[in-house]
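This report is for a reader meeting the structure below for the first time. It goes from the overall division of the chain to helix packing and then to two loop residues.

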Amino acid sequence: MTEAGADRVGAVTAAVARQVRDLRAARGWSFEELAGRSGVSKGMLVQIEGARTNPSVGTLCRVADAFGVNIAQLLEPAEEQAVKITPAAQAPVLWQGEHGGTARLLSGLGEPDLVELWDWQLAPGEDHRSADHPRGTREVLHVLTGTVVVRVDGQDHGVRAGETIEFHADREHGYRNDTTEPARLMMVTVTPSGEWDRRTRSRRPRQD
């Protein structure tokens, strides 16, 4: 990893640590409470708040869901900007495949629902599996180049360049590239607002 890349990772780790700490304190939750709501271990949460680990995209999703925010909020300063332009190079890479694939979070909106815009690149043979998101979550994927197999609830769906697939993402799903050519896709994830408790599979209004 280059020095610039290491700096970006360090900035993301520090931002997540600060936001998780502030969100947890604002709600008066203990580590045990957040662990129960998110399904992320107390030990991992301690590591995250101490900026001692670079959490996976799956872990970030679970923590963000518990707070009722999107991942983008975990990566940003608390102040909101009326207009924001982000260069592609500054979009955080939250997943890296074994063969060079990446997933960049391009943007995220917090109201009225949680909306995230992703840029995914899958190298040949790469596979990403995602656990179920909160109830009511939808995903829309548009394949720009190559062919992607989208697996939803145990069933495979081949999606070629120029095609778009939308599905309920509140069940197990994933994306893989079975071809010998790279694939790239844009993805929008929409989740109803509210804090999600994985213990009870229930949602309640988000605390501001």
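## Domains, helix packing and two loop residues

The C-alpha centres of domain 1 and domain 2 are 21 Å apart. The model is a predicted one. Domain 1 covers residues 3–75 and domain 2 covers residues 88–194. Where the two parts touch, 13 residues of domain 1 are in contact with 18 residues of domain 2.

**Helix packing**

Two packed helices are described by the angle between their axes and the distance between those axes. Helix α2 spans residues 31–38 and helix α3 spans residues 42–49; their axes lie 9 Å apart at an angle of about 110 degrees. Angles of 65 to 115 degrees count as roughly perpendicular, and α2 and α3 are therefore roughly perpendicular to each other. The crossing of α2 past α3 is right-handed. On the α2 side the contact is made by Phe-31, Glu-32, Leu-34 and Ala-35, and on the α3 side by Lys-42, Leu-45, Val-46 and Glu-49. Sorted by class, this contact of α2 with α3 holds five nonpolar and three charged residues, and no polar ones.

Helix α2 also packs with helix α4, which runs over residues 57–67; the two axes come within 8 Å and cross at roughly 105 degrees. α2 and α4 are therefore roughly perpendicular to each other. From α2, the residues Leu-34, Arg-37 and Ser-38 meet Arg-62, Val-63, Ala-66 and Phe-67 of α4. The contact of α2 with α4 has four nonpolar residues, one polar residue and two charged residues. Leu-34 is named in the contact with α3 and in the contact with α4.

**Loop residues with positive phi**

Most residues other than glycine have a negative phi. The table gives two non-glycine residues with a positive value.

| Residue | Phi | Loop |
|---|---|---|
| Ala-51 | near 55 degrees | between α3 and α4 |
| Asp-153 | near 55 degrees | between β6 (147–152) and β7 (155–160) |

Are these loop residues buried or exposed? Ala-51 has a relative accessibility of 36% and so counts as partly exposed. Asp-153 has a relative accessibility of 55%, and therefore counts as exposed. The cut-off that matters for this reasoning is that exposed means over 50% relative accessible area, while buried means under 20%.

Terms used
Residues are numbered from 1 along each chain as its sequence is written. This is a predicted model: local features need pLDDT of at least 70, side-chain atom pairs count only at pLDDT 80 or more; totals for chains, interfaces and linings use all residues. Side-chain values use heavy atoms; hydrogens and water are left out. Axes are lines fitted to C-alpha atoms, for helices over the stretch in contact, and angles run from 0 to 180 degrees between N-to-C directions. Helices (H or I, at least four residues) and strands (E, at least two) are DSSP runs, numbered from the N terminus. Angles under 35 degrees count as roughly parallel, over 145 as roughly antiparallel, 65 to 115 as roughly perpendicular and the rest as oblique. A crossing is left-handed if the near helix is turned anticlockwise from the far one by less than a right angle, and right-handed if clockwise. Contact means heavy atoms within 4.5 Å. Ala, Val, Leu, Ile, Met, Phe, Trp, Tyr, Cys and Pro count as nonpolar, Asp, Glu, Lys and Arg as charged, and the others, Gly among them, as polar. Buried means under 20% relative accessible area, exposed over 50%, partly exposed in between (1.4 Å probe, protein chains only). Domain bounds come from an automatic or database domain assignment.
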